Amino acid sequence: MNERSSVEIYTEWDVVAARQLGRDEAKSIGFGTVDQARITTAISELARNIYLYAGTGKIEIRRLHDGVKKGMMIISSDNGPGIPDVRKVMEDGFTTSGGLGAGMPGVQRLVDEFKIETEVGVGTTITAIKWLR
Amino acid sequence: MNERSSVEIYTEWDVVAARQLGRDEAKSIGFGTVDQARITTAISELARNIYLYAGTGKIEIRRLHDGVKKGMMIISSDNGPGIPDVRKVMEDGFTTSGGLGAGMPGVQRLVDEFKIETEVGVGTTITAIKWLR
Amino acid sequence: MMDLQKQYQELLEKYLENLDEKNLYFAQQFSRKFIEQEIAPEDVVSLHKDAVMNIFPELRNEVATTHDFLIEMMIHYGLALREHQSLIKKREELHMEMEVAANVQEKLMNATRPNVDGLDIGYVSEAAKAMSGDYIYFAEHGRKNLSVAVADVIGKGIPAALCMSMIKFGMDSIDENESVPSEVLKIINRIVEKSVDNSMFISMYYGMYNVENQHFTYASAGHEPALFYCAKTKSFEQLDAKGLLLGVKREVEYEECQVHLHSGDFVAIMTDGVTEIRTEDGFLDSAIIEQLLFEVRDQSAQQMADYLFKQLAQLQNFRLHDDFTVAIMKKR
Amino acid sequence: MMDLQKQYQELLEKYLENLDEKNLYFAQQFSRKFIEQEIAPEDVVSLHKDAVMNIFPELRNEVATTHDFLIEMMIHYGLALREHQSLIKKREELHMEMEVAANVQEKLMNATRPNVDGLDIGYVSEAAKAMSGDYIYFAEHGRKNLSVAVADVIGKGIPAALCMSMIKFGMDSIDENESVPSEVLKIINRIVEKSVDNSMFISMYYGMYNVENQHFTYASAGHEPALFYCAKTKSFEQLDAKGLLLGVKREVEYEECQVHLHSGDFVAIMTDGVTEIRTEDGFLDSAIIEQLLFEVRDQSAQQMADYLFKQLAQLQNFRLHDDFTVAIMKKR
Ligand SMILES: [Mn+2]
Ligand SMILES: [Mn+2]
Ligand SMILES: [Mn+2]
Ligand SMILES: [Mn+2]
């Protein structure tokens, strides 16, 4: 069974490829239509951020089995410029964070667990988990 | 042509009657489906406020012809307790104003013009106008 | 979700039966509850899809698919809504914080209506936002003299409030028995110039009423003129005095003027939040203030101030664009 | 609307053709634009309805009617969204106001890194919200003595900031050349007790470093103990001193203690925003602070403070729950 899979992000079309991978995985894990759309949107935002701000990077999808719980992990990583002020990026309702529900706070809302690691000049890794209910 | 019509509000069913009157009028003036729904919602909120806070009152509908402009005026009037702090009631996003888009700020958003006159112990009259575009 | 699904389908079925308004009313009440329970619009579309497909089993699969498309369209709407719910919580927190701050400010400012022989005093000071940048200050000197200061920090809200708390310390340090209005403004100007940011200016009107000779002496640091009503001639006059805003430069001279108050005369000191009322149709003619005050000239000073506020708030649809402060001193 | 209608229908048609992800991606980008242009969800459903009815002309009228029902369900969602858009505007306004206020506060507080012989000084003071209720104050007395005060107003944000601006006036009025830490706290306590609201308490740590004998003398008003690092033994010690919070009662005695600083030793004074770090899993063990400071003990005091902040912010997912202030004084 393919437990890990990934898409390298170079162009905007790779954003679509990452979405497709995420939706397929979400479907086969057993997520419903609305959750599939949410997971895909989260991946879309992460991949688009790589494309827009880091240039290149990778979206990796892992299936999770934690006892009886099943879920999906999304790892977005890049070697881009990093985020100098994470507090600002994570704040709600500011244009810097995407505004009107978008951006990183939006991604965090679409999933159950969310972690951001970043260093200026080194890159950014974002890990998001969605559990099947 | 029936230019003025009204519904007295005594029970919750009268709220439905006021909605029906408003929707019929809006339709015959030529408002589209979405605007019909918006006008009806505004009337619904006004009538419900009368029912909940003033006990009894009246919703009156007038057709407007202002040159080439056509529109609809909604007048909600009651002899209830009045609103002691109008500024609070008109503020966005507070439970006192209905919260999450509802209440008076919501009604104001659903129409083009909005006026509130109130006196404690005397009553409240709210006038709302929606123009056909 | 199963329960909601059933309820939603029932409502939709009933509505389709005879298209009556009652069911739409229930549907909307239902949708309000959805929002409160943080059910996202995409969830509503999903409920809708299942209901439609159950009610019309003959429908082709494509129709179900159109709903999936709509779900996709709604995801960002759902995110905006959830952000809204979180902002509202933060806003209520902030609001409580502001209330505490406003209390601190009020305690700090400590405007209490003084008791001076022969003078009826009333005032209203309302903040446009949670905290006022308008300032009102009274001091009595043994029931013989009254000092009144009305100030406006250019700019609104919190930074203004911080500035005001500073000025208060300055005011308190002045021995007013010995100072005339122009001198007081000179001293306060020095304090402001020294300690307040360059970008922050303050206008201030300072007046003193002398019980013995019934003279009202005043000076102004770039503040709105006060209004003087003469009961005998039933006419208004502006009480203006030359002087620069506080904080612009270190040494400033302030003009000092005087007017005699007879019975029924009054002086109204205001900030620009009173005189520059904005309505949907633009600025109001300031003659309206004279007119409103004239209408209630025979009432108490406090009733006059309250009336002025209520009428002007009404004209702005109860949305203040600036802090509103008026102080009325009326000769009995 | 006609243009949008056409675009929407095209996107939907293309999607129905081969159900590929690309069109859903475009659809979502499209929906983002809708939200920015303040197009309400009920408008989207209306566009959707027309598109569906155009694409499937054979569909019965009832299917159109189901969409009307959904439009009705969406009206309140639309209102919530529009309220959100208005709140966001207000929030940005408030945010700008807070920035100005924070500047006023900073100018008021005027914490500048002092220059004292043989002592390397670094600090970080970050507000959890726009305005800090933490306070840091340095004073040098002719490069011979350094005073440092770290205070925390119990409560956060604006009311705290107003209080701090008051205390600053108190601090400035003290002649520190003549006062020892326990005396300074006694005087400030009296000012706070007199002028601050009963519900507002302040913890303060006050220390003085003497260049001549390298003694660090400190007193505490209910504040977090400072950390003392001894380079020789490579161990940490807490510097605590007994004393009540400021503002509780009028006359309070403060314990005064002393420690000798040798080369490489440092003292870190912190607020509880540093020591009581909350993560998703609960409070952090405070041993982590010692560990983090130990890791960078050979760097400059400023680098140490920056490192501590960055690591602890990371652990909280960059969401501060309380104002964060640390001051580090390191013997060269
Ligand atoms: Mn102002
Ligand atoms: Mn003003
Ligand atoms: Mn605090
Ligand atoms: Mn704290």
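These questions and answers walk through a predicted model, from its metal site to its chain contacts and aromatic rings.

User: Which residues coordinate the manganese ion (ligand 1), and at what distances?
Analyst: Two residues of chain C serve this ion. C:Asp152 gives its OD atom and C:Val153 gives its O atom. The distances run from 2.1 to 2.5 Å.

User: Is C:Val153 buried or exposed?
Analyst: Buried means under 20% relative accessible area. C:Val153 has 1%, so the residue falls under that limit. The answer is buried.

User: Which protein donors hold the manganese ion (ligand 2)?
Analyst: The donors lie 2.1 to 2.2 Å from the ion. Each offers an OD atom. Along the chain they follow the spacing D-x119-D-x49-D. They are C:Asp152, C:Asp272 and C:Asp322.

User: How far apart in the chain are C:Asp152 and C:Asp322, donors of that ion?
Analyst: C:Asp152 sits in strand β3 (residues 145-153) of chain C. C:Asp322 sits in the loop between α9 (301-315) and β12 (324-331) of chain C. The pair links distant parts of the chain, 170 residues apart.

User: Which residue bridges the manganese ion (ligand 1) and the manganese ion (ligand 2)?
Analyst: The two ions lie 3.4 Å apart. The bridging residue is buried, with a relative accessible area of 5%. It is C:Asp152.

User: How much area do chain D and chain C bury between them?
Analyst: In this interface, 72 residues of chain D are in contact with 72 residues of chain C. Of the buried area, 76% is on carbon and sulfur atoms. The total is about 6,500 Å².

User: Which residues in chain D lose the most area to chain C?
Analyst: Three residues stand out on that side. Together they make up 12% of what that side buries. They are D:Phe69, D:Tyr77 and D:Leu162.

User: What is the N to O distance in the salt bridge of D:Arg60 and C:Glu58?
Analyst: The count between chain D and chain C is two salt bridges. In one, the side chains of D:Arg60 and C:Glu58 meet. Their N to O distance is 2.9 Å.

User: What kind of aromatic pair do D:Tyr123 and D:Phe138 form?
Analyst: The structure has 28 aromatic pairs over all chains, and this is one of them. The rings lie 5.4 Å centre to centre, with 55° between the planes. Stacked needs under 30 degrees and edge-to-face over 60, so this angle fits neither. The pair is tilted.

User: Where in chain D do D:Tyr123 and D:Phe138 lie?
Analyst: Both count as buried, D:Tyr123 at 19% relative accessibility and D:Phe138 at 10%. They are 15 residues apart. D:Tyr123 is in strand β1 (residues 119-126) and D:Phe138 in strand β2 (residues 134-141).

User: Why is the pair of D:Phe236 and D:Phe266 edge-to-face?
Analyst: D:Phe236 belongs to strand β7 and D:Phe266 to strand β9, 30 residues apart. Their ring centres are 6.0 Å apart. Edge-to-face needs planes over 60 degrees apart. This pair qualifies because its planes are at 70°.

User: At what distance does C:Arg297 lie from the ring centre of C:Phe294?
Analyst: C:Phe294 forms one aromatic cluster with C:Tyr229, C:Phe236 and C:Phe266. C:Arg297 lies over the face of C:Phe294. In chain D, the charged end of D:Arg297 sits over the ring of D:Phe294, 3.8 Å from its centre. For C:Arg297 the distance is 3.9 Å.

Key. Residues numbered from 1 in each chain as written. Chains lettered and ligands numbered in written order. Predicted model: local features only at pLDDT ≥ 70, side-chain atom pairs only at ≥ 80, totals over all residues. Heavy atoms only, no water. Phe/Tyr/Trp six-rings, centres within 6.5 Å; stacked < 30°, edge-to-face > 60°. Helix = DSSP H or I, 4+ residues; strand = E, 2+ residues; numbered from the N terminus. Buried < 20%, exposed > 50% of the residue type's maximum accessible area, 1.4 Å probe, protein only. Lys NZ or Arg CZ within 6 Å of the ring centre and 35° of its normal. Donors = N, O, S within 2.8 Å, 3.2 Å for Na, K, Ca; no water. Contact = heavy atoms within 4.5 Å. Buried area = accessible area lost by both parts, 1.4 Å probe. Salt bridge = Lys/Arg side-chain N within 4 Å of Asp/Glu carboxyl O.
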